[in-house]
Amino acid sequence: MTARDTRLEPYWMPFTANRAFKQAPRMLVAAKDMHYSTDDGRQILDGTSGLWCVNAGHCRPRIVEAIQKQVATMDYAPAFQMGHPDAFRLAERLAAMAPGDLDHVFYCNSGSEGVDTALKIALAYHRARGEGHRNVLIGRERGYHGAGFGGISVGGIPANRKVYGNMLFRVDHLAHTHNLKENAFSRGQPAWGAHLADELEARIVPLHDASNIAAVIVEPLAGSTGVLVPPKGYLERLRQICDKYGLLLIFDEVITGFGRTGPCFTADAVGVVPDMMIIAKGLTNGTVPMGAVIARRDIYETVVNNAPPGMVELFHGYTYSGHPLATAAALASLDTFEEEGLFQRGQELAPYFEQAVQSLREMPNVIDVRNMGLVAGIELESRPGAPTARAFETFLKCYEKGVLIRTTGDIIAMSPPLIISKAQIDELVGTLADALREVGRNG
Ligand SMILES: Cc1ncc(COP(=O)(O)O)c(C=O)c1O
């Protein structure tokens, strides 16, 4: 083992090929606005907002200062039977930003915890209504809902099932909406596919009986499994069916929240109000871990008003729910989004971004390009016998050339900060095009 191996070895890295990484590490040591700096002094253009979270760009002064000030004032406050004003202020702001009567906010520390929280609230809600038998949870194939047992159960990623099984046993899944034959190279929401929502009514409701189903959880735009943009009318149809049978509809907006697909939430972009929305990532601009579930008023009131007076109504919470550093970071992030009009800016840039990414269809091995707002997926034909290799090689080439992209299977995802300039969009897409050409030469 080299000295470097010794230093790197103790850290068991998440969702990472540990052995390969430790042979050839990629180390980031600083970040500012659109760029990371590496330990060998290079600048890397961030085409992925970190992990889909740094929507306002890196190390924004207002957010940094708010966190610094907060940690020096009150580092921690107990989350149970105690409060601090910023937790209430933030909830009020999020309630005002969320669509419809989504106006009660439950805090957690990540998207995964947000998913668990929303699923538990769904069960608690039905029980409070006297329908505790509604405990079947419906997810979707190719859904990613984080790494907890609740999330991997309602999620639809085969690798999770292979290793961990399906820990929640009262679950079922809708088919995913990805279809290259019908929708390849769609710009924005594809026209084909709304009818896929009908499976909920045609198969799932009759199989489980509506009286047993608690909730349906979907990402309005599936990110982690390869940027699957919702077909026009699909989410609307899910909403109608859920209403008809009394099922709660949960949108996991962990990556789509805070301007990624246009307006603040994808719920706003498609005009569908879910019963609960899970947020995280962009909420604090990636600075301090935080997630939240925003629930409809009726859900809160049903759970709370059905408990005996003076008793804890929802038996759930985390030591760091509404952590003071996270609430300070979130309030400052919302200020930054608002003052700089970043959601508006993202929407204005979206057509330029679309034009740029769609030009990649000319590159070798590209079999689809899809986009919505400031997110794009570029799907490559897999190398025979070596799935994922082509995309990962492209990722490494881009990194060498000073650009950060992300890959999942043989799909490349880009989700840059909303502060990106047109010149930086050109650089991001131009570098990716060069990398695809070079990788194409290798077969
Ligand atoms: C849609 C969605 N839900 C949940 C999560 C999990 O979030 P976290 O990694 O913060 O637990 C992610 C993470 O990428 C996500 O994309």
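**Figure 1. Contact between the two domains.** In this predicted model, 32 residues of domain 1 are in contact with 29 residues of domain 2. On the domain 1 side, at least two residues each come from α3 (49-52), α15 (342-358), β11 (366-372), β12 (375-380) and β15 (411-414). Helix α15 supplies the largest share of this side, seven residues. Sorted by class, the side of domain 1 that touches domain 2 holds 16 nonpolar, eleven polar and five charged residues. Domain 1 is made of two stretches of the chain, 3-56 and 341-441, while domain 2 covers 64-339. Their C-alpha centres lie 26 Å apart.

**Figure 2. A four-stranded open sheet.** The strands follow the order β11-β12-β15-β14, and their pairing is antiparallel. Strands β11 and β14 (406-408) form the edges, each pairing on one side only. From one strand to the next, the twist averages 20°. In general, the strands of a sheet pair through backbone hydrogen bonds, in a parallel or an antiparallel way.

**Figure 3. The pairing of β12 with β15.** These two strands run antiparallel and are joined by four bridges. One residue to look for is E379, whose bridge partner in β15 is I411.

**Figure 4. Residues around the ligand.** The shell around the ligand has 14 residues, of which S110, G111, S112, G146 and V254 come nearest. Helix α6 (residues 111-128) gives the largest share of the shell, three residues. By class, five residues of the shell are nonpolar, seven are polar and two are charged.

**Figure 5. F15, a residue with positive phi.** Most residues other than glycine have a negative phi. F15 is not a glycine, yet its phi is positive, about 40°. This residue lies in the loop between α1 (3-8) and α2 (18-23). F15 counts as exposed because it has 8 C-beta neighbours inside 10 Å, and a residue is exposed at 12 or fewer.

**Figure 6. D209, a second loop residue with positive phi.** D209 is also a residue other than glycine, and its phi is positive, near 75°. Its place is the loop between α10 (199-208) and β7 (213-218). Around D209 there are 13 other C-beta atoms within 10 Å, so this residue is partly exposed. The partly exposed class lies between exposed, at 12 or fewer, and buried, at 20 or more.

Technical notes
Residues are numbered from 1 along each chain as its sequence is written. This is a predicted model: local features need pLDDT of at least 70, side-chain atom pairs count only at pLDDT 80 or more; totals for chains, interfaces and linings use all residues. Domain bounds come from an automatic or database domain assignment. Two residues are in contact if their C-beta atoms, placed from the backbone, lie within 7 Å. Ala, Val, Leu, Ile, Met, Phe, Trp, Tyr, Cys and Pro count as nonpolar, Asp, Glu, Lys and Arg as charged, and the others, Gly among them, as polar. A residue is near a molecule or strand if its C-beta atom, placed from the backbone, lies within 6 Å of it. Two strands pair if DSSP finds at least two bridges between them. Axes are lines fitted to C-alpha atoms, for helices over the stretch in contact, and angles run from 0 to 180 degrees between N-to-C directions.
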